[in-house]
Every structure is written in structure tokens, then in C-alpha cells.
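Please find some notes below for a first reading of this entry. They take the ligand sites and one sheet in turn.

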Amino acid sequence: MMNISRRNFIKGGVAGTATLGLSGSLLFADRWLRPATAASDSEERIAYTYHPPGCGGRCAYKCTVRDGKLVKIEPNDWPDHRYSVLCTRGLSELQRVYSPDRLQTPLKRVGERGEGKFVPISWDEAITTVADKFKELHSQYGGKSILKMISANQEYTMPLLSSLLGIPVALETSIDTGIASGVEEVTGDAPFGYAMHEITDWVNAKTIILIACNILETTVADSQFFFDAQEAGAKIIVIDPNYSTTATKADQWIPIRPGSDPALLLGMINHILANDWYNHDFMQKNTSAPFLIREDNQHLLRQNDSADGPAQNPFMVWDALSNSAQPYNATGVQPELEGEFTVNGVKVKTVMSALKEQMKHYTPAWAAEMTEIPEQIIIDLTRQYAQGGPGYLGWGFGGAEKISNSDIFGHAAAILGSLTGNFGRVGGGVGNALFHKYNWGLVTKLGAWSLPPQFKIPPMEIPTTLMGTQPNSVKAVLNLGNSFQQHFANFHHAEAWLKQLEFVVTVDIFDNASVAYSDIVLPIGSCFESNYEITRFQVNRNHALLSEKVIEPLFESKSDFEIEKLLAARFGLEEYMPKTPEDYIRAQLNSPDPFLKGITVEALKANKFIMRLNCPTEPCIGHLDQKYKTPSGKLEIYNEAMIEFAQALPAYEEPVELSSELKQKYPLQFAQYRSRFHVHSQFMRVSWIRQFCPEPRLELNPLDAKSRGLANGDLVEVFNDRGKLKARCKFMDSLRPGSVRMEEGWWSKDMPEGDINYLTNDTFNPRGFKRKYGPILPFYDTLVEVKKA
Ligand SMILES: Nc1nc2c(c(=O)[nH]1)N[C@H]1C(S)=C(S)[C@@H](COP(=O)(O)OP(=O)(O)OC[C@H]3O[C@@H](n4cnc5c(=O)[nH]c(N)nc54)[C@H](O)[C@@H]3O)O[C@H]1N2
Ligand SMILES: Nc1nc2c(c(=O)[nH]1)N[C@H]1C(S)=C(S)[C@@H](COP(=O)(O)OP(=O)(O)OC[C@H]3O[C@@H](n4cnc5c(=O)[nH]c(N)nc54)[C@H](O)[C@@H]3O)O[C@H]1N2
Ligand SMILES: [Mo]
């Protein structure tokens, strides 16, 4: 079908189109296409696939395969051409697929765990060893003794095996969910903190505020929507301690003291309230602002004392018409937004009144002191957001998210969005800006491969970070990806845990740092390789994307799917597995959702493996109906679950480590970041990329270097009480003095000594355990000192 032999092309006299016609989009075309042009009788065909999530790009690829080898990657044509893009990492897959760092055969550990000594074994021996050990643990201790850990960049994560064996799944526990908790306890239904506004809606915004969000590097495939919005007249303001790539393109850059972001938001709330710049009507109709708080126990007043939910036992408001307390959902009530009242002898006040009181001392002057942003700039920013709407208030997952106070940030952001009526408003929006997460694809209901109801995934007992120190039933880990090196702060704790486990299996493409801690290592193919014709499927960016096999599996690699099937078979459960990935995909496409009408495997194949959903042309926007999935159906800005922590309304709290006495000993913040060249620990050793970032570097402002007698490029030691690493330093004027940083993800074996996560902070905020998504790892809430090594 879509496979075109190159010979036929030449016969047809269109060889130029097949080879050099697209050189305009390929910098290297001249260099690596020419020799192949000469080899005119080689076999050439086109195959279609797309990049796995990683940066959320999911760029769709048209691949040229010559004599079985992947030789060229171009953007596929999306029906919506705005998505027909490709980045440096996508192009570099040509090198990564054939990299010497590939795992080639199954391996068995022969040295100590962590030492990295292995011998190759056969697939049969590998699968037998894993299945036997899993069976033994399963029969002795049950499925809870095996934990499946998954890295971020994966699509097919052996989901059926977790259900079939009843084993818990750890997907990035305690990572990227801090702000999400704070926001979604208010909104009830947003998906993990992402804005429920498709980024294509940014053109309708007048003001866009991006806090701790380097979208031009971290969702680079969406860059054009940033510039489209700017051209359409939106003012884009970036708040970042450093002069980031995104800051360089913004209309305004506001530097901020690291970790103090919640103070900025609280200062904005204060100023909006003080100037009466808030949307009274929106607060009254769509939020819990008129609900009544009891003075005696700080809880919201309900109609009666029964323990039933708000339908039977609704929250109360003060009705202006009857001058009495009435259920918030009673017909005809006119709730007072502010005031103090007495109901059945209990003193109450509205949430709005309590908010005004609590925000009173967070003045712009106070916020200026906390954030080190001049007061006038905070005032101007607040006016711009409150009066220059519609406005989008967005963030990333670095910075504010990776600090112990991220939940407070989320809560405050949701209140700001409420006060300004920017929820469910065209051109508005509150939430994470990355990954193009919110689009019609997210509201498309896919079918699923179904398993009988007895197969269930049990919940995790505790976050992985605590497994080394708190009792739990995990004795073995099935690890897909590089979770060990990446998913733990204060890695010494994790190392101790990993070393005492009974059994560890890692499934990956590359010989990354986690491999060394495994007993058995199973090599899988890259996203281009498969033993099946149809391999993967996704709905994203308003399109359905299918992937076919591009090349045969390299070396002895198999796929996650094949391994899942082999293991299921050893447990006698093969009958529940699909025969091929295509069967699984057909089950997903088997759905009555009208967005999927006409989208089948056959139709996708006939349309270059990509079709637009039958969805509206307008951007996807949530909450347009002002309905929320909270108990009351409104934005619940008062959070009763946080009363015991004095955070029912957001109260400022400094970052725990950054503001501690440790600062005397370790005066520098140690932050991390991501760049457009890598995806976490991936693409680290690809030479086309390595030429731009040849080694891990400790980046610091020349001022901090000078006071320590360091010269640019010196080998330095970065250390604190948790650990140390060595790396060469790099001066950067764009970095805020007092804060040093490294790009996260570097492999330990590329570090002269140590590892980033030997230094990072793994202290959980106790409040986090009561938050919607649990506690987070405050990776950037870390102090260090730096000296010449
Ligand atoms: N110090 C510090 N640590 C951090 C962060 C930080 O800021 N600072 N950030 C954290 C954040 S936000 C995140 S999201 C995590 C990300 O950390 P991870 O989730 O571990 O992400 P990657 O490093 O991209 O690892 C992906 C791994 O999966 C493998 N892989 C790719 N595709 C497949 C597949 O289909 N199947 C299998 N079996 N393997 C595959 C890749 O080869 C790679 O080894 O790191 C966290 N760690
Ligand atoms: N190319 C690429 N893209 C990716 C990824 C990748 O590995 N590579 N990973 C994906 C994943 S899983 C994640 S989590 C995201 C992360 O994506 P982002 O959140 O955009 O990226 P970061 O570089 O971690 O941090 C964003 C910005 O926060 C700033 N910052 C640091 N501390 C503070 C602070 O205290 N306050 C404020 N206001 N700003 C601060 C940094 O200077 C930086 O410019 O990227 C996603 N996209
Ligand atoms: Mo992340």
C-alpha cells in the first residue's frame, strides 16, 4: 500500500522527488543522501510512524527505509498542517536507533547489584527465570509483592500483565502532581493540572502568563501557537528566575526568587480583592465563595448533620431575599457573597469574607519582599491579568512544581482564575501549558481490550520513595525504562532499597543507569522496530495516529508487547491477551464515539496513518458550561481537607530546604532543567546532539563563580549532606545568581563522579499525603555548595 519501491520510482522518472526533493527541510540531506542516490538498485520504501510521548510532541514521521535500514525521517503530512513538524531529537533518531548503547541480548547479572556486570543469556532462559521468580513470589506473597515501575516516555506499558497478575503500578510516583493537587481540589475534574484549554485557543487570549514554563524547549512542537498568539496581540509574560529561551521571546520577562512563586500569586489575589477588580457575578454563581464557614470548627455549614453528600446534605449560603441560611442549590436563592451571620446559634461567615481576611496581609509590598520582584511590577502584572482579559495563567512542571510549596501555588492559581472568571472562558484558562494535553483527543472515548472482572490492578501501598524506609510488601520490581535513576531524589535511599530486593527485571532499549541494578535485563526495540506490521496507536492533537513497522527488530530485541505475552503464557493466561498489537488497537477503535466515525485501521493505512478526528474545528475548551466535578458542582475554593494544616485557603509557606538554616552551610540552590536536545535520560549519547551539549555541566552565574575562584570550564565538586557529584562548570549570565543548575537526566557513567539525584531533596511535605495526588519530590528545593575539584 504505502510502501513504494525505489526502483519503481526511478523507472517512473521521479527519482528526484524521492531523494533530494525534500532537502530543503533537511540540513544534512546533502551529506547523507548523496552516496545512496548512486546506489540506484537498492530497495527503498516509505513507512509511517510517530514519536512516543516524551515531550508531548508525538510528531508523525514519514520514514525512508533503504535496504532494511532507516535512512531518513521527515514530518508526515497531518491533515491539519500546523502539526507537520519535526525536531532535532526526531531527526537524530537515525543515529539513536543504531547506537552502540543499545541493549542487544537478554542479560543476567553476575556481579553485585549496581555493579553492572552481566552475561548474555537466551530469551528462553531469561523469560523462564523471570516467570519462575514471579510465580514463586506470587504464590508465596501475592501480586502485591511485585511492583511494576514505568518511565515517562512509554506508550505500551504491559497494561494487561499488571491486571492479569494483579500487580501494582508505579508511574512516576510523587512527580509532576503537586500543583495539580492544589488546582484540582478546586476544579474537581481537570486532568493532572493541565489547562482545560487547547493551546490553539491562545490566539483568543489578551494576556498569557507563563510561570516556570519553558515551553519553547519543552513542548517545542507547539512553538507556533505561542507566536500565533503573540501576533494576534496577546501579551505574553514569562516569570522565571532565569532568562529562559521562552523568556527571550516573550513580551515581558519577570525574574523571581526561586521557590517564592506562591507569594506572587497571593500578592496578586490581595491586590485584585483590594481594588475590587474581581468578577462578583462569576464568584457568586460558579464558586463556593458564598458558602458559609462555621466559626466553631472551620468546616462549611451544611443543611443538617447527616453524613450524606451535598445532594442530601447541601452546603448552605446566606439568602439575601429571605435573609436566612438556605441550601446553595435551592431554587430562587440569592446568595450573599460577603458577610457574617448566625445560624442556629453558630457564627458563620462566607468563604469570600474569609478569603478577604486571609489575603489581607499578602500585599504587593509583602509579595515584592518575598519574590524580589519590584512592587510596581507586581501591581502592573495584576492589573494586566485582572483587567486585560481574557487571560491564560499557565505553568510548566519545572520550577514552582518541584518545590515543597507547589500545592499552595496550585490552590492560589485556581483562586486567581476564579476571581477573574477565566475558567471556561474563550481565551482564558488556568493550568499546565505543556504537552498539548487538552485537545479533542482527550475527550474522545476509545474502546478497550477487555479482561474478565477478576483481573484487577491493586493500588500501590506507599510512594516508591518511601519503600526503603517504611514497611511494604514489595519484593521484586519489573522496571520498564530508567525509573531507578530518574524517579528518586536522594538516590542513596533508593540504592539501599534496590540492593535488598529479591529480584529486579529491567526492560529497556538502552544501557541506561537503571540496568545496573537489575538481575535480568530484557532488550526491546525502538519505536521503529517490530515483528508486527501494525504497532502502536494514539489519539492526540485532534488526530488519530497509527504506526506501522518501519524496520525489523535490531539485534535480539523484542517488544514490550511480546514480553508481556510471553510472561502471560507462562502463567497460563495467554488466552486473555490479544494476538497482535493490531487486535489491541482494533479494540480501542471499536467505539461508538462519533469523533472516531470512519477511523479504522484500514482507513488509517489508506491515509498515511493519520486522520483528523471528526471533531469541531474550534479549540477544545472545558468548563464552558461552568459545571465542575466537585461535590457542589462549583469551583470549591475553600478546601476542608486542609483545615488541619491551616491551608483551607492558601497560606504562604517558604520552600522547606531553600529557606532553612542549611543555607549558611550550603548557600546555593541546586535546580535542574530540561532542554530541547534531550528527553530526560534519552538522546544523551547521540553525536549529532552531543556536539551541542558534549557533557554534563554545572551551570552558574559568573558572579557565583568568581566568589569561589572558579574559571569557566573548571572541574567542580557539587555537594551537600546527602551526596556529591563532579562536573565541569559553565558560566551563564542568563542564570540567576545564587542558583546553580544542571540538565537532569545525564547518565551517571557520563559524570566524572556521582549523580544529580545523589544530591536532590526527597523530603515529603506531611500535608502532601492528604493531597489529591499525594506528596511530591521537591527536586529543586535543594541546597548545595560548589568548590573547585
Ligand atoms: N533530579 C531530577 N530528577 C528528575 C527530574 C528533575 O527535574 N530533576 N524530573 C523528573 C521528571 S518531571 C520526570 S517526568 C522523570 C522522567 O524520567 P523517566 O520517566 O525515567 O524518563 P526517561 O529518562 O525519558 O526514561 C525513559 C526510559 O524508557 C526507555 N523507553 C523508551 N520507550 C520505551 C518503551 O516503549 N518501552 C520500554 N520498556 N522502555 C522504553 C528509554 O530508553 C529510557 O531509558 O524524571 C524525573 N527526575
Ligand atoms: N525537550 C524536552 N521536553 C520535555 C521533556 C524533556 O525531557 N525534554 N520532559 C517533559 C516533562 S516530563 C516535563 S516534567 C516538562 C518540564 O517542562 P518545563 O517545566 O517547561 O521545564 P523546566 O526546564 O523543568 O523548567 C521550566 C522553567 O522553570 C524555571 N524555574 C526554575 N525554578 C523556578 C522557580 O522557582 N520559579 C519559576 N517561576 N521558574 C523557575 C526554569 O528556569 C525553566 O526555565 O518537560 C516536558 N518536555
Ligand atoms: Mo516530568
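1. A polar contact here is a pair of N or O atoms within 3.5 Å. By that cut-off, the side chain of Gln154 makes one with ligand 1: one of its N or O atoms is 3.1 Å from a nitrogen atom of the ligand. The model is a predicted one.

2. Two further atom pairs help to place ligand 1. On the backbone side, an N or O atom of Ala152 lies 2.5 Å from an oxygen atom of ligand 1. On the side-chain side, an N or O atom of Ser681 is 2.5 Å from an oxygen atom of ligand 1. The protein covers 95% of the accessible area of ligand 1, which on its own has 920 Å².

3. Which residues come nearest to ligand 1? They are Ala152, Glu172, Asp508, Ser681 and Asn757, out of 32 residues around the ligand. By class, this shell holds eleven nonpolar, 14 polar and seven charged residues.

4. Ligand 2 is surrounded by 34 residues, and the closest are Thr218, Asp240, Asp261, Gly398 and His678. Its shell is made up of 14 nonpolar, twelve polar and eight charged residues.

5. Two arginine side chains can be checked at ligand 2. A polar side-chain atom of Arg89 lies 2.8 Å from a nitrogen atom of ligand 2, and an N or O atom in the side chain of Arg674 is 2.7 Å from an oxygen atom of that ligand. The backbone takes part as well: an N or O atom of Asn214 lies 2.9 Å from an oxygen atom of ligand 2. Of the 910 Å² that ligand 2 exposes when taken alone, the protein buries 98%.

6. Away from the ligand lists, there is an open sheet to look at. Three strands form it in the order β1-β2-β3, with antiparallel pairing. Its edge strands are β1 (44-50) and β3 (69-75), each of which pairs on one side only. On average, neighbouring strands of the sheet are turned by 30 degrees against each other, direction ignored.

7. How many bridges join β2 and β3? Strand β2, residues 60-66, pairs with β3 in the antiparallel sense over six bridges. Cys63 stands opposite Ile73 in β3. Helix α4, residues 88-97, packs on the sheet and touches β2 and β3. The direction of α4 makes about 170 degrees with that of β3.

8. One residue links the two topics. Arg89, whose side chain has a polar atom 2.8 Å from a nitrogen atom of ligand 2, falls within the range 88-97 of helix α4.

Conventions. Residues are numbered from 1 along each chain as its sequence is written. Chains are lettered from A and ligands numbered from 1 in the order in which they are written. This is a predicted model: local features need pLDDT of at least 70, side-chain atom pairs count only at pLDDT 80 or more; totals for chains, interfaces and linings use all residues. Side-chain values use heavy atoms; hydrogens and water are left out. Two strands pair if DSSP finds at least two bridges between them. Helices (H or I, at least four residues) and strands (E, at least two) are DSSP runs, numbered from the N terminus. Axes are lines fitted to C-alpha atoms, for helices over the stretch in contact, and angles run from 0 to 180 degrees between N-to-C directions. Contact means heavy atoms within 4.5 Å. A residue is near a molecule or strand if one of its heavy atoms lies within 4 Å of it. A polar contact is a pair of N or O atoms within 3.5 Å; within protein, one must be able to donate a hydrogen and the other to accept it, and residues adjacent in sequence count only if both atoms are side-chain atoms. Accessible areas come from the Shrake-Rupley method with a 1.4 Å probe; for residues, only the protein chains shown count as cover. Ala, Val, Leu, Ile, Met, Phe, Trp, Tyr, Cys and Pro count as nonpolar, Asp, Glu, Lys and Arg as charged, and the others, Gly among them, as polar.
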